[in-house]
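The following exchange concerns charged side chains and the reasons for the terms applied to them.

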Amino acid sequence: MMIVYKGKKQKILDAVEYVNDLFEEDEFWDAVSDKISFDYSVFSAAKIAEFMREKEESVEVKLYRPRWPKHRKTNAYTDLNHPNILFYNSKKLWRGVGKIVNTIVHEYVHSVDFTEDGSRRVDYGHGNQSNSGKGSSAPYWIGDLAERFFESENAEAPIIESISIDSSDIVEE
């Protein structure tokens, strides 16, 4: 399994590199398998994790520009006719790397669903295109998990802009 991006957008490059590294981590796959089940799924979480880990074909990230106003809100999509291409909305490059990681993993779940279980039907999707109430579906939950891993590994220390010192607190020894 591998995500490929041949472009030059640094955020996508960083997100793809992170996802590929994450997919090498047993801790990530254990967390997916520990979920037990997902909404909108006929497969267990462990089986979906297995399908994801065993996917042999690479998935390529390609940028697209939405032509219709109704598609401008879409972050990315995977098409059943091109299951190993993840189309990422070029108008969404303002998003942080963690959110892009989330989207890439979300769409990777769809790619795996289209290719790895011997069926081209959707077996672990999220119903319609609304994201409301979909947090326990495989694409949303696994994408969110990947983002949480990213955020926990990339948390920055708080910046202290100034410190005030009361001179009465200074004691010379």
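The questions and answers below concern salt bridges and a charged surface patch in this predicted model.

Q: Why is the contact between Arg53 and Asp26 called a salt bridge?
A: The closest N and O atoms of Arg53 and Asp26 are 2.8 Å apart. The cut-off is 4 Å between a side-chain nitrogen of Lys or Arg and a carboxyl oxygen of Asp or Glu, so the pair qualifies. Because Arg53 lies in helix α3 (residues 45-54) and Asp26 in helix α2, the pair ties together parts that are 27 residues apart in sequence.

Q: What makes Arg53 and Asp26 partly exposed?
A: Arg53 has a relative accessible area of 36%, and Asp26 has one of 47%. Partly exposed covers the range between under 20% and over 50%, so the term applies to each residue.

Q: How do you know that Lys99 and Glu147 form a salt bridge?
A: Their side chains meet at 3.1 Å, N to O, and the limit is 4 Å. This pair links distant parts of the chain, with Lys99 in helix α4 (residues 97-115) and Glu147 in helix α5, 48 residues apart.

Q: Why is Glu147 called buried, whereas Lys99 counts as partly exposed?
A: Glu147 has a relative accessible area of 12%, and buried means under 20%, so the term fits. Lys99 has 41% relative accessibility, which lies between 20% and 50% and is therefore partly exposed.

Q: What makes up the negative surface patch?
A: Among its residues are Asp14, Glu17, Asp30 and Glu153. Helices α1 (10-22) and α2 (26-34) each supply at least two residues of the patch, while Glu153 is in helix α5 (residues 138-153).

Note on methods. Residues are numbered from 1 along each chain as its sequence is written. This is a predicted model: local features need pLDDT of at least 70, side-chain atom pairs count only at pLDDT 80 or more; totals for chains, interfaces and linings use all residues. Side-chain values use heavy atoms; hydrogens and water are left out. Patches are made of residues with over 30% relative accessible area and no salt bridge: like charges are joined within 9 Å, nonpolar side chains (Val, Leu, Ile, Met, Phe, Trp, Tyr) within 5 Å. Accessible areas come from the Shrake-Rupley method with a 1.4 Å probe; for residues, only the protein chains shown count as cover. Lys and Arg count as positive and Asp and Glu as negative; His and the chain ends are not counted. The place of a charge is taken as NZ of Lys, CZ of Arg, CG of Asp or CD of Glu. Helices (H or I, at least four residues) and strands (E, at least two) are DSSP runs, numbered from the N terminus. Buried means under 20% relative accessible area, exposed over 50%, partly exposed in between (1.4 Å probe, protein chains only).
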